[in-house]
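Welcome, and thanks for taking a look at this one. Below is a short tour of the fold, its charged pairs and one helix with its surroundings.

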Amino acid sequence: MNNIKILNSKVPNVPWQEKPHNITGAPIWRYSNNPIIGRNPVEGVARIFNSAVIPYQDEFVGVFRGEQTNGIPYIYMGRSKDAIHWEFEKEKIQFTDEDGNEFMPVYAYDPRLVKVEDTYYLIWCQDFYGAAIGMAKTKDFKSFIRIENPFLPFNRNAVLFPRKIRENFVLLSRPSDSGHTPFGDIFLSESPDMIYWGKHRHVMGKSSMWWESLKIGGGAAPIETSEGWLLIYHGVSGTCNGYVYSIGGAILDIDNPSIVKYRCENFLLTPEEWYEERGFVPNVTFPCATIHDSETGKIAIYYGAADSYVGLAFAYVDELICYIKEHSKVSVTDTEIGVR
Ligand code: BMA
């Protein structure tokens, strides 16, 4: 064991399965009973994928992308005792504004769920005259208060840091166009109040590595570690037969996370299993959350598979960060234009 540690996150009941002996490549291994959420999980919902979970009280809660049988995605609440077996609410989450007026997006997908101080924030993609970031907050997972959209369209893949940095909330996002965008880099923005956003910075771009040469996007909320913020994100390759979504890893500076300290030139996980290669959209592994424990260094990664299922994979923080550092290649697209 070396001294690389997760900071500020004690979760003794993190879901876990020990590492098999035959791991090659990155030190990440899949749960042997994947997928953990199969098809038709709730009446009226054909598929759940690209979803986020978090410890809550002694159990776990999650916000799930449920693709309804009419094809339109919404966010559904789920609860679990072990973070592997989930029970879902039949009705999609109903949002209200601060005055109690109901708010229901036209569609809502790829939710993230992050606790900052005593509040849980939901962040997703919704229609705002095109794809844009939607946000809400809750303290009890019963009432969900909508927050103003942080950005103009078009934008996706917004991920909040789990604590304020220099007194501001910090959000990663991926500005783009509205469709199945063939481009996009990760940017960072700050806010004192979760309403007004600024101090925008470029974090990292697509790379010359073919697995992420088309576009990238924030994945799970960054994990605070002794080496910096561990960012587990997605990278996309454009092939003659469509996009392939893999999982990548980078480490951002702890005080100024627009600085990329290390970025792994290899993917950490790429579609290989039947539930990743075969489904509504083949060849997609799309991370949206982790559950991690500072005592043991265990990280459980939740990812959408083939736009059809939820998969679970595991890593130890020290092995993962050593691998990222050993295979790091930070390029000029990972710096701010004009700033050294
Ligand atoms: C992206 C998003 C994700 C989806 C991926 C693959 O543009 O829409 O929700 O998983 O495409 O279809």
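## Charged pairs and the overall fold

R163 has a relative accessibility of 28%, so this arginine counts as partly exposed. Please keep in mind that the model is predicted. The partner of R163 is E224, and their side chains meet in a salt bridge with an N to O distance of 2.8 Å. This pair ties together distant parts of the chain: E224 sits in strand β17 (residues 223–225), while R163 belongs to the loop between β12 (155–160) and β13 (169–175), and the two are 61 residues apart. Is E224 buried or exposed? With a relative accessible area of 10%, E224 is buried, the cut-off for that class being under 20%.

Let us step back to the whole chain. Two helices and 23 strands make up its list of elements. The radius of gyration is 18 Å, close to the 20 Å that the globule rule gives for 340 residues, so the protein chain is as compact as a globular protein of that length. Along the principal axes, the C-alpha atoms fill a box of roughly 50 × 45 × 45 Å. Buried residues account for 59% of the 340 residues. If you look at contacts between residues at least 6 apart in sequence, 55% of them join residues at least 24 apart. The accessible surface comes to about 14,800 Å², and carbon and sulfur atoms hold 50% of it.

How many positive and negative side chains does the protein chain have? There are 33 positive and 42 negative ones, and the centres of the two sets lie 2 Å apart. The salt bridge count comes to 15. Here are three of these pairs, side by side.

| Pair | Closest N to O distance |
|---|---|
| K137 and E98 | 3.4 Å |
| E224 and R163 | 2.8 Å |
| R263 and D334 | 2.6 Å |

The K137 and E98 salt bridge also links distant parts of the chain, with K137 in strand β10 (residues 131–138) and E98 in the loop between β6 (95–96) and β7 (102–103), 39 residues apart. K137 is partly exposed because its relative accessibility is 27%, whereas E98, at 57%, counts as exposed.

R263 and D334 form a salt bridge too. R263 lies in strand β20 (residues 260–263) and D334 in the segment after α2 (317–326), which puts them 71 residues apart. Both of these residues are buried. Elsewhere, salt bridges that share partners join R30, E272 and E276 into one network.

Now for helix α2 itself. Which of its residues are buried? They are V317, D318, L320, I321, Y323 and I324. The cover over these buried residues includes β17, β18 (228–239), β19 (242–252), β20, β22 and β23 (309–316). Two of these strands have already appeared above: β17 holds E224, and β20 holds R263.

One last stop is S294, found in the loop between β21 (285–292) and β22 (298–305). Its relative accessibility is 16%, so S294 counts as buried, given that buried means under 20%. Leaving out residues up to four places away in sequence, S294 touches I6, L7, N8, S9 and K10.

Notes
Residues are numbered from 1 along each chain as its sequence is written. This is a predicted model: local features need pLDDT of at least 70, side-chain atom pairs count only at pLDDT 80 or more; totals for chains, interfaces and linings use all residues. Side-chain values use heavy atoms; hydrogens and water are left out. Helices (H or I, at least four residues) and strands (E, at least two) are DSSP runs, numbered from the N terminus. The radius of gyration is taken over C-alpha atoms; the globule rule is 2.2 Å times the number of residues to the power 0.38. Buried means under 20% relative accessible area, exposed over 50%, partly exposed in between (1.4 Å probe, protein chains only). Contact means heavy atoms within 4.5 Å. Accessible areas come from the Shrake-Rupley method with a 1.4 Å probe; for residues, only the protein chains shown count as cover. Lys and Arg count as positive and Asp and Glu as negative; His and the chain ends are not counted. The place of a charge is taken as NZ of Lys, CZ of Arg, CG of Asp or CD of Glu. A salt bridge is a side-chain nitrogen of Lys or Arg within 4 Å of a carboxyl oxygen of Asp or Glu.
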